[in-house]
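Reader: I would like to learn how to read a model like this one, feature by feature. Where do we start?
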Amino acid sequence: MMTHLLASALLALPVTFVSMVEDGPEPIDVISALEQAVSDAIEHARPAVVTIDRVKSDDGETLAIRGRNAMRAPNNPNGVVFIDGFGMRNDGPASADYVSYDFGSGVIVGDEGQILTTYHVVAGAANLFVRVQGLEPFEAEIIAADPRSDLAVIAPVGGLAPFAEGAFPDPIPIGDASLLRPGSFLVALGNSHNVSRDGQASASFGILANSARRLIAPSNDFGQVVPTMLQHYSTLFQLDSKLNLGMSGGAVVNLKGELMAITTASANAVGYDPRAGYAIPMDSLGRHALDALIEGKEVEYGFLGISLSSPSNIIREVQPGTPAGEGGLLQGDSIEEVAGQPVTDFDGLVRSVNPLPVGEPVELTIRRDGRVLTKEVVLSKFPIEGEIIATTKSEAWRGIRIDFPSVISPRDELLTAMARGGVGVVEVVSGTPSEEAGLRVGQIITQVDGKAVRTPRAFREVVKDLDGKAVRLSTDRGPIMIEPDAGSEID
């Protein structure tokens with residue numbers, strides 16, 4: 001009953017009101033109840049919120065990735081000499097005296113110690129050091145990172161084996177952010193101004209000010225717009241709670257202590273009220289990214305390959321070879337629903353399509369000349385700008401890995417590449433039959449032994465029955481014969 005009372009009368013005056021119960025009127029102190037609810041939420045969520053120190057390499061190369069650990073020395077990683085605030089040498093972020101000027105936050109989300117944070121907190125890291133309440137600082141590595149969602153997952157080097165049983169905090173429970181509405185009470189937790197180095201995250205309380213927001217870049221001291229690396233469409237939560245430096249990657253929780261969002265940025269022009277910020281919600285799109293990242297996989301986003309007439313849902317252009325073109329959509333059609341989700345504009349289309357499985361059919365409801373029609377399209381893969389990190393790779397065949405052509409072609413050539421059909425080569429392993437035959441990254445394979453292939457799944461279906469045989473590939477640079485080699489298969 002208390003939860004319903006809080007939701008309906010929180011912060012209202014007078015401070016107390018009367019609730020009718022079986023034994024008669026019972027005064028309830030709303031402010032005290034709110035205070036208790038917020039304190040409980042902080043207590044439940046705080047153990048799972050961590051601080052992160054980033055050490056960048058001199059050349060900017062990303063080294064703190066699982067599988068690239070050979071370059072790290074145990075006591076002086078990457079050859080860096082750390083100096084504390086008194087000018088004395090120390091052991092770097094692992095030292096209690098070390099003062100970091102490159103820091104952020106994270107949230108424990110996995111049973112194996114996986115920590116969810118933002119991409120921009122860990123990008124370019126030679127080393128990452130994490131502090132958890134009650135534990136010694138430890139080094140972490142990137143499991144996967146996605147620049148489009150600005151999300152990344154890291155984990156302790158060596159997993160949880162170095163920690164005493166039960167010492168590492170339990171993962172935070174994850175709620176459903178799609179259930180929140182403007183006015184919902186939320187608590188943001190993180191490493192504000194790097195004061196949470198003892199592992200006790202600082203808290204900021206407020207409401208959900210709005211949802212489905214774009215990130216507006218702030219201005220610097222010279223009145224210029226600072227470019228932002230975030231590539232969001234209208235997907236973000238806007239919070240009225242203060243997000244200070246170091247809060248990026250922190251937790252936004254409801255009054256049950258459930259993770260609702262990950263803080264990503266404070267976007268305020270200089271001289272304006274800093275009491276605002278943005279967070280990445282754990283809705284269908286956020287969970288889609290998290291589920292892939294926690295397994296070390298690349299986040300794949302569904303792609304139709306059309307443009308809409310802004311701000312409507314009417315198709316302005318359809319190109320041959322795109323999923324929309326192959327599915328029979330036409331210029332002038334209006335997209336009413338995607339997999340049962342209503343669509344009214346381009347941002348709504350992106351939010352509906354992006355979480356859907358790549359290479360799988362999806363049902364669209366469209367309106368054409370006053371008629372309502374149903375069309376089935378097989379989604380391609382959205383091209384992502386920026387460095388993608390994935391330590392769990394897709395299956396390889398004779399030394400190559402392939403993907404949709406939409407992800408390997410330059411933006412201005414993307415639709416042309418899709419119109420030609422085929423799959424793109426994204427990796428060629430040195431010394432394998434594919435490299436010796438002349439295959440290179442960026443080539444488009446349109447046929448395998450005379451059979452057309454338009455998706456990675458179709459490619460795998462064709463080649464699975466060709467073990468031990470020479471295979472003729474038709475590519476955009478001419479035919480290539482790939483000889484069999486039992487030792488060429490790689491994990």
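Reader: Take strands β30 and β31. How many bridges join them, and do they run parallel or antiparallel?

Author: Keep in mind that this is a predicted model. Strands of a sheet pair through backbone hydrogen bonds, in a parallel or an antiparallel way. Here, β30 (residues 471-475) and β31 (residues 478-482) are joined by five bridges and run antiparallel. Leu473 stands opposite Ile480 in β31. The two strands form a hairpin, with two residues between them.

Reader: Which strands close into a barrel, and in what order?

Author: Follow the pairing from strand to strand until the path closes. Six strands do so here, in the order β11-β12-β13-β16-β15-β14, with antiparallel pairing. On average, neighbouring strands of this sheet are turned by 45° against each other, direction ignored.

Reader: Show me one pair from that barrel. How many bridges join β14 to β15?

Author: Three bridges link β14 (residues 251-253) to β15 (residues 259-265), and these strands run antiparallel. For one facing pair, look at Val252, which stands opposite Ala261 in β15.

Reader: Which strands does helix α2 lie across?

Author: Helix α2 (residues 30-45) lies across β11 (185-190), β12 (202-213) and β14. The helix runs at about 40° to β11.

Reader: Now burial. Is Ile52 buried or exposed?

Author: Compare the accessibility with the cut-off. Buried means under 20% relative accessible area. Ile52 has 1% relative accessibility, so it counts as buried. This residue is found in strand β3 (residues 49-56).

Reader: Which residues are in contact with Ile52, beyond its neighbours within four places in sequence?

Author: Read the partners by their numbers. Among them are Asp102, Phe103, Gly104, Ser105 and Gly106. Others on the list include Thr117, Val121, Leu128, Phe129, Val130 and Ile154. Look at Phe129 in particular. Ile52 and Phe129 are 77 residues apart in sequence, yet their C-alpha atoms are 5.7 Å apart in space.

Reader: And Thr365: buried or exposed?

Author: Apply the cut-off again. Thr365 has 15% relative accessibility, so it counts as buried. It lies in strand β22 (residues 361-368). Leaving aside neighbours within four places in sequence, Thr365 is in contact with Ser334, Ile335, Glu336, Glu337, Val372 and Leu373.

Reader: Why is helix α6 described as largely enclosed by the rest of the structure?

Author: Count its buried residues. Six of the eight residues of α6 (residues 346-353) are buried, so the rest of the structure largely encloses this helix. The buried ones are Asp347, Gly348, Leu349, Val350, Ser352 and Val353. They pack against β17 (302-303), β18 (306-308), β20 (334-338) and β21 (341-342).

Reader: Next, pockets. How much space lies in the largest pocket?

Author: Start with the volume, then go to the lining. About 1300 Å³ of space lies in the largest pocket. It is lined by 41 residues, and those closest to its centre are Glu298, Glu300, Lys381, Ser394 and Asp403. The elements that give two or more residues to this lining are α4 (284-293), β25 (389-390), β26 (400-403), β27 (423-428) and α9 (456-463).

Reader: Finally, the whole chain. How many helices and strands does it have?

Author: The chain has nine helices and 31 strands. Of its 491 residues, 49% count as buried. The chain exposes about 23300 Å², and carbon and sulfur atoms supply 50% of that. For contacts with a separation of 6 or more, residues 24 or more positions apart account for 64%.

Notes:
Residues are numbered from 1 along each chain as its sequence is written. This is a predicted model: local features need pLDDT of at least 70, side-chain atom pairs count only at pLDDT 80 or more; totals for chains, interfaces and linings use all residues. Side-chain values use heavy atoms; hydrogens and water are left out. Two strands pair if DSSP finds at least two bridges between them. Helices (H or I, at least four residues) and strands (E, at least two) are DSSP runs, numbered from the N terminus. Axes are lines fitted to C-alpha atoms, for helices over the stretch in contact, and angles run from 0 to 180 degrees between N-to-C directions. Contact means heavy atoms within 4.5 Å. Buried means under 20% relative accessible area, exposed over 50%, partly exposed in between (1.4 Å probe, protein chains only). Accessible areas come from the Shrake-Rupley method with a 1.4 Å probe; for residues, only the protein chains shown count as cover. On a 1 Å grid over the protein atoms alone, a cavity is a set of points where a 1.4 Å probe fits but cannot get out, and a pocket is an open set with protein on both sides within 12 Å along at least five of seven lines; lining residues have an atom within 4 Å of a point. Grid points are joined across faces, edges and corners, and a volume is the space filled by probe spheres set on the points.
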